[in-house]
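Okay, thanks for making time, everyone. I'll put the model up and then talk you through the fold and the pocket.

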Amino acid sequence: MYKRLFGEPPKKIVENGKAHFGTYSSVSQHLDIKGMRAPYAGVPVPSFLSNIRIKSRITYTFNLGNYVGLTEFRDFKVFGLVEVIFWNKETGKKNSYHAIMPARRRFVPTKTTNAICGCYQRKRRIKLYWEDTHDFFKCRFKIKGDKVRPSAKGKMISMRNDSLHTDTMFVNPAPTSSRVSATWISSMKIKGYLRTYTEKKDPGNKVRRTDGIALVSMNRSYYKFHTRSKIVTGLGQVKDRNILFHISTANIDAADADKYNNNLLIIDGDTTALPPVVITHPFGVNNNWIIQDTEGMIDLTFTPVSVQSRVTNLIIMRASAYTIYGTYEGVLLTKDGEKINLKNFPGIVSSNIVRT
């Protein structure tokens with residue numbers, strides 16, 4: 001059976017122009033991949049030029065009460081994009097909000113110990129922030145609606161000492177050892193609230209808080225001029241056990257994907273590194289997705305419930321994305337050979353194409 005061991009993380013991901021590739025049971029203090037020697041075509045170029053090719057994103061995916069959704073920041077260097085999308089699990093109704101942020105030094109921080117990732121526009125106040133000092137991770141947003149969408153307010157907090165909390169890091173060639181892709185994945189229990197409202201009926205902060213779970217994924221990679229990726233995330237409960245998984249595939253995946261990939265299964269804080277997968281949707285993104293590996297550990301079908309699509313088209317960049325809420329059916333296998341049977345299991349799939 002497929003197995004991949006977790007090691008101790010390096011102090012720095014990149015040293016002396018080379019990356020410390022591997023799968024790690026914790027995370028370095030900085031998710032920083034600058035400094036690779038000649039990352040494109042083996043030709044040394046000034047670091048400020050190669051650093052422009054580094055793109056990053058952080059995604060906070062949550063399952064809280066009646067809602068499943070995500071908060072995502074994407075750093076394209078010359079501008080940033082933030083989105084908050086959530087669905088009602090009972091009705092499938094979608095609420096989606098986004099904002100484009102003008103240039104700043106960094107939209108997604110590199111520090112994993114304590115940092116703030118925020119949008120401070122008057123109608124879009126959205127923050128992700130975490131601290132080691134007080135051992136918490138928070139997601140907050142207050143978003144003004146319009147004629148079509150209601151306003152929304154949410155706050156979720158996790159203490160880092162909870163039983164579900166994990167930190168893992170994957171440092172992979174992208175796709176060769178001259179370039180690198182680094183991913184930090186963290187699972188957690190959360191407590192909080194999410195409400196939609198009209199301006200005349202603002203609930204303020206007097207709302208009932210509920211329990212839930214969340215998965216945070218931060219990635220920083222050297223992108224190709226055309227980068228394509230698919231990310232599969234699931235989070236819910238099976239027989240009172242918290243189950244979370246993060247599975248992805250991209251055209252910057254490592255050439256040796258058996259040894260280097262970002263695929264992970266978490267069950268009540270216990271982690272299993274998963275093998276590489278093939279993700280297909282032969283009848284279009286609105287119909288069933290098939291997620292399978294060759295090791296017999298992943299055999300899933302994803303049925304879309306609601307699809308969110310967005311295209312951002314600027315002179316210097318074009319990004320298109322599908323973000324889909326739906327349910328999983330199938331089987332996952334742990335490192336100990338235990339079968340996890342999923343049925344009507346909630347999750348989100350995203351498909352992205354970036355041209356820069």
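So, overall shape comes up to start with, then one sheet, then the pocket. Keep in mind that this is a predicted model.

Overall, the protein chain has one helix and 23 strands. The C-alpha trace spans about 60 × 50 × 45 Å along its principal axes. Is that what a compact globule would give, or not? Well, for 356 residues you'd expect a radius of gyration near 21 Å, and the chain comes in at 19 Å, so the two agree. As for burial, 56% of the 356 residues count as buried.

Now the sheet. Nine strands make up an open sheet, and reading across it you get β18-β17-β16-β15-β23-β22-β21-β20-β19, with antiparallel pairing. At the edges sit β18, residues 270-273, and β19, residues 278-280, each with a partner on one side only. From one strand to the next, the twist averages 20°.

Let's look at one pair in there. β15 (residues 226-238) and β23 (residues 339-355) run antiparallel, joined by nine bridges. If you want a spot to click on, K230 stands opposite S351 in β23.

β15 turns up again at the largest pocket, where β4, β11, β13 and β14 also give two or more residues each to the lining. The volume there is about 290 Å³. Which residues are closest to the centre? Out of 18 lining residues, those are K189, I190, D211, G212 and I213. And for anyone thinking about chemistry, the lining splits into six nonpolar, seven polar and five charged residues.

Terms used:
Residues are numbered from 1 along each chain as its sequence is written. This is a predicted model: local features need pLDDT of at least 70, side-chain atom pairs count only at pLDDT 80 or more; totals for chains, interfaces and linings use all residues. Side-chain values use heavy atoms; hydrogens and water are left out. Two strands pair if DSSP finds at least two bridges between them. Helices (H or I, at least four residues) and strands (E, at least two) are DSSP runs, numbered from the N terminus. Axes are lines fitted to C-alpha atoms, for helices over the stretch in contact, and angles run from 0 to 180 degrees between N-to-C directions. On a 1 Å grid over the protein atoms alone, a cavity is a set of points where a 1.4 Å probe fits but cannot get out, and a pocket is an open set with protein on both sides within 12 Å along at least five of seven lines; lining residues have an atom within 4 Å of a point. Grid points are joined across faces, edges and corners, and a volume is the space filled by probe spheres set on the points. Ala, Val, Leu, Ile, Met, Phe, Trp, Tyr, Cys and Pro count as nonpolar, Asp, Glu, Lys and Arg as charged, and the others, Gly among them, as polar. The radius of gyration is taken over C-alpha atoms; the globule rule is 2.2 Å times the number of residues to the power 0.38. Buried means under 20% relative accessible area, exposed over 50%, partly exposed in between (1.4 Å probe, protein chains only).
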